[in-house]
Amino acid sequence: MPAETLASDGARTSPQDAPPPAPYTQPMLPILYSFRRCPYAIRARSAVVASGIPVELREIVLRDKPAALLAASPKGTVPVLVLPDGRVIDQSLAIMHWALATADPLDWLAGEDTDLIATNDGAFKHHLDRYKYADRHATDPIEHRAAATAILADLDTRLAATGHLASPRVTLTDMAILPFVRQFAQTDRAWFDTLPLPALHDWLGRYLASPLFAAVMPKFAPWQPGAPTVIFPT
Ligand SMILES: N[C@@H](CCC(=O)N[C@@H](CS)C(=O)NCC(=O)O)C(=O)O
């Protein structure tokens with residue numbers, strides 16, 4: 001016979017009267033729609049890795065965007081973060097801020113140079129696109145490469161002082177800008193390597209060799225409804 005016990009209301013209960021345990025359900029994670037090579041997505045994933053907050057990562061293909069992404073954010077760019085309460089954050093810098101406001105163990109928020117980031121996202125990105133995708137834009141790539149290089153020369157001057165853009169340590173500013181400089185460098189690596197910008201080369205080289213960059217860049221198969229959940233960071 002199972003032992004009887006007295007419940008708090010004095011009623012007699014036995015083990016077989018106990019309610020069944022609630023079925024186990026996965027805790028809901030924020031969903032991050034991402035595209036591995038996109039510099040905006042790279043900066044968002046960097047902040048997620050730095051914060052240590054797990055998300056469900058959904059790798060997408062830009063030419064075949066999933067309906068769930070477009071339903072969350074009809075403008076159709078990545079990265080997009082969908083929070084468990086339904087809120088949608090669909091700008092990369094805002095995703096960085098969300099992650100770091102939640103947890104910032106590396107103190108990245110201590111260095112945010114909004115002007116420098118605005119120049120990167122504005123003028124530098126403008127010239128980068130017209131250099132890298134000159135056919136698409138019907139532009140002179142060399143002209144735009146030169147204009148982008150002038151911006152990089154300014155970064156080099158800043159980096160010469162401390163090795164970082166906004167603080168003696170790595171901060172949000174470095175991580176928001178580095179993915180775009182990486183894309184510029186990759187467009188013609190041999191030419192980029194000849195640029196007389198030593199502090200910039202050093203900064204980019206440290207980034208590309210860092211464990212953080214490795215953690216941000218794993219390859220994932222494109223997501224589709226019903227696919228197994230990918231937890232990121234892995
Ligand atoms: N301002 C947005 C820009 C994001 C963006 O333009 N991402 C590109 C990929 S790198 C994109 O999704 N483009 C849409 C497309 O190519 O269809 C942000 O900061 O998140």
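What share of the contacts with a separation of 6 or more in the chain comes from residues 24 or more positions apart? I looked this up before anything else, and I found 69%. A reminder to myself: this is a predicted model.

**Entry: the whole chain**

I went through the secondary structure next and noted 10 helices and seven strands. Then I checked how spread out the chain is. Its radius of gyration is 23 Å, well over the 17 Å that the globule rule gives for 234 residues, so the chain is more spread out than a compact globule. I also looked up the box that the C-alpha atoms fill, and along the principal axes it is roughly 85 × 40 × 25 Å. For burial, I wrote down that 30% of the 234 residues are buried.

**Entry: the sheet**

Here I followed an open sheet of five strands, which has mixed pairing and the order 6-5-3-4-7. Strand 6 (88-89) and strand 7 (231-232) are its edge strands, each pairing on one side only. A handy thing to remember is that strands of a sheet pair through backbone hydrogen bonds, either parallel or antiparallel.

I then took strand 3 and looked at both of its partners. With strand 5 (residues 80-82), strand 3 (residues 31-34) pairs in the antiparallel sense, over three bridges. One residue pair I picked out there is Tyr33 with its bridge partner Val80 in strand 5. With strand 4, strand 3 pairs in the parallel sense, over four bridges. On that side I found Ile31 opposite Glu56 of strand 4.

Is strand 4 largely enclosed or largely open? I found four of its five residues buried, so strand 4 is largely enclosed by the rest of the structure.

What packs on the sheet? I found helix 1 (residues 39-51), which touches strand 3, strand 4 (55-59) and strand 7. The direction of helix 1 makes about 150° with that of strand 3.

**Entry: around the ligand**

I listed the residues around the ligand: Phe35, Cys38, Tyr40, Leu62, Gly76, Thr77, Val78, Pro79, Gln91 and Ser92. Sorting this shell by class, I got six nonpolar residues, four polar ones and no charged ones.

**Entry: Asp188**

Where is Asp188? I found Asp188 in the loop between helix 7 (172-187) and helix 8 (189-193). Asp188 has 14 C-beta neighbours inside 10 Å, so I put it down as partly exposed. Last, I looked up how far Asp188 is from Ile117, which is 71 residues apart from it along the chain: their C-alpha atoms are separated by 23 Å.

Terms used. Residues numbered from 1 in each chain as written. Predicted model: local features only at pLDDT ≥ 70, side-chain atom pairs only at ≥ 80, totals over all residues. Near = placed C-beta within 6 Å. Nonpolar A, V, L, I, M, F, W, Y, C, P; charged D, E, K, R; others polar. Helix = DSSP H or I, 4+ residues; strand = E, 2+ residues; numbered from the N terminus. Rg over C-alpha atoms; globule rule 2.2 N^0.38 Å. Buried ≥ 20, exposed ≤ 12 C-beta atoms within 10 Å, placed from the backbone. Contact = placed C-beta atoms within 7 Å. Pairing = 2+ DSSP bridges. Axes fitted to C-alpha atoms, helices over the stretch in contact; angles between N-to-C directions.
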